[in-house]
Amino acid sequence: MAILEVKGLEKQFGSLEVLKGIDFSLEKGESMALIGASGSGKTTLLRCLNFLERPTGGQIIVNDNVILDVSSQKTLNENEIRKNRLHFGLVFQSFNLFPQYTTLQNVTLAKELLEKDTEDYKKNKKQVLDRIREEGKEILDKVGLSQKLDDYPHQLSGGQQQRVAIARALMLHPDILCFDEPTSALDPELTGEVLKVIRGLAESHTTMVIVTHEMKFAKDVSDQVLFMDQGVIVERGTPEQVFEHPTEERTKQFLQRYFEEK
């Protein structure tokens, strides 16, 4: 059974149609790469999945539960949206870290805020906070930052800051982890350290949707690839099918331009 199903997803900004009936599904433990030129709708799709943008049509289904149906007012309720946003973790192009907080504090803050309303927190605040911080340390160790717990963002390289952002997303244990061009703000020499972390997540079967212009990386780590153009999915398939044997002319032209530029 698919962990994520997207059916007929649409998004308009005024008269501009950015997403035009997007359909796809993703199995638990799979990685999906979204490729395509800038402006094709990839980032808008991620933002719709994370409820940062409200779709104008379609459904989003997670674990067989309809968490968004534009025709159903119940799923558009703000309380429902806040709850359902937790199904997705999003790592942005920019790191969006709080400059006044340490590495560990940036990672644990959201979890601490979520726990504040629980009975366990009210009765055992110190124990809950200690548990959250220990978990944060474990996740930071997984992304190679166990020596940077008390550093502030300005003391970290761009690659390290993006790894903190990944750890922050992992801290909430989302069903699906989404990446929006996670290396686009990095110098080339720092890109590899972030891709290594994402590659490790793929190998551990973390369910992911990755918007990327790193075609070799997309080919290596993804189970399926979606090529988008002008708000529609033009072609989908395994990395071998899309990169080695594309059937759509628009896909062929996009890949040809990309590799010529490289």
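## Helix packing and sheets around α6

Student: Let's start with α6 passing α7: is the crossing right-handed or left-handed?
Tutor: Keep in mind that we're looking at a predicted model. As α6 passes α7, the crossing is right-handed.

Student: Which residues of α7 make that contact?
Tutor: From α6 come Gly158, Gly159, Gln160, Gln162, Arg163, Ile166 and Leu170. Across from them, the α7 side is made up of Leu190, Glu193, Val194, Val197, Ile198 and Leu201.

Student: How many nonpolar residues does the contact of α6 with α7 have?
Tutor: Split the contact residues by class, and 4 are polar and 2 are charged. The nonpolar class has 7.

Student: Are α6 and α7 roughly parallel or roughly antiparallel?
Tutor: Take the geometry first: the axes of α6 and α7 (residues 188–203) come within 8 Å and cross at roughly 20 degrees. Angles under 35 degrees count as roughly parallel, and those over 145 as roughly antiparallel. So α6 and α7 are roughly parallel.

Student: α6 also packs with α3; at what angle?
Tutor: Here α3 covers residues 103–115 and α6 covers residues 158–171. Their axes sit 8 Å apart, and the angle is about 25 degrees.

Student: And what does that make them, roughly parallel or roughly perpendicular?
Tutor: The hand of the crossing is right-handed where α3 passes α6. For the direction, the cut-off for roughly parallel is under 35 degrees, and the angle here is about 25 degrees. That is why α3 and α6 count as roughly parallel.

Student: Which α6 residues meet α3?
Tutor: On the α3 side you'd pick out Thr103, Asn106, Val107, Thr108 and Lys111. Those meet, in α6, Val164, Ala167, Arg168 and Met171.

Student: By class, how many charged residues does the contact of α3 with α6 have?
Tutor: There are 4 nonpolar and 3 polar residues in this contact. The charged ones number 2.

Student: What about Gln161 in α6: buried or exposed?
Tutor: Gln161 lies in helix α6 and touches Phe95, Leu97, Pro153 and Leu156, leaving aside residues up to four places away in sequence. Its relative accessible area is 15%, and under 20% counts as buried. So Gln161 is buried.

Student: Moving to the sheets, which strands are at the edges of the one with 6 strands?
Tutor: That sheet is open, with mixed pairing and the order β6-β7-β8-β3-β9-β10. An edge strand here pairs on one side only, and the two that do so are β6 (88–91) and β10 (232–237).

Student: How does α6 sit on this sheet; what angle does its direction make with that of β6?
Tutor: α6 packs on the sheet and touches both β6 and β7 (176–180). Its direction makes an angle with that of β6 of about 175 degrees.

Student: In β9, what is the bridge partner of Leu34?
Tutor: Strand β3 (residues 31–35) pairs with strand β9 (residues 224–229) in the parallel sense, over 4 bridges. In β9, the partner of Leu34 is Leu226.

Student: Now the sheet of 4 strands: what is its order?
Tutor: This sheet is open and has antiparallel pairing. Its order is β2-β1-β4-β5.

Student: How many bridges join β1 to β2?
Tutor: In β2, Ser25 is the bridge partner of Glu5. Strand β1 (residues 2–13) and β2 run antiparallel, and the number of bridges joining them is 9.

Terms used
Residues are numbered from 1 along each chain as its sequence is written. This is a predicted model: local features need pLDDT of at least 70, side-chain atom pairs count only at pLDDT 80 or more; totals for chains, interfaces and linings use all residues. Side-chain values use heavy atoms; hydrogens and water are left out. Axes are lines fitted to C-alpha atoms, for helices over the stretch in contact, and angles run from 0 to 180 degrees between N-to-C directions. Angles under 35 degrees count as roughly parallel, over 145 as roughly antiparallel, 65 to 115 as roughly perpendicular and the rest as oblique. A crossing is left-handed if the near helix is turned anticlockwise from the far one by less than a right angle, and right-handed if clockwise. Contact means heavy atoms within 4.5 Å. Ala, Val, Leu, Ile, Met, Phe, Trp, Tyr, Cys and Pro count as nonpolar, Asp, Glu, Lys and Arg as charged, and the others, Gly among them, as polar. Two strands pair if DSSP finds at least two bridges between them. Buried means under 20% relative accessible area, exposed over 50%, partly exposed in between (1.4 Å probe, protein chains only).
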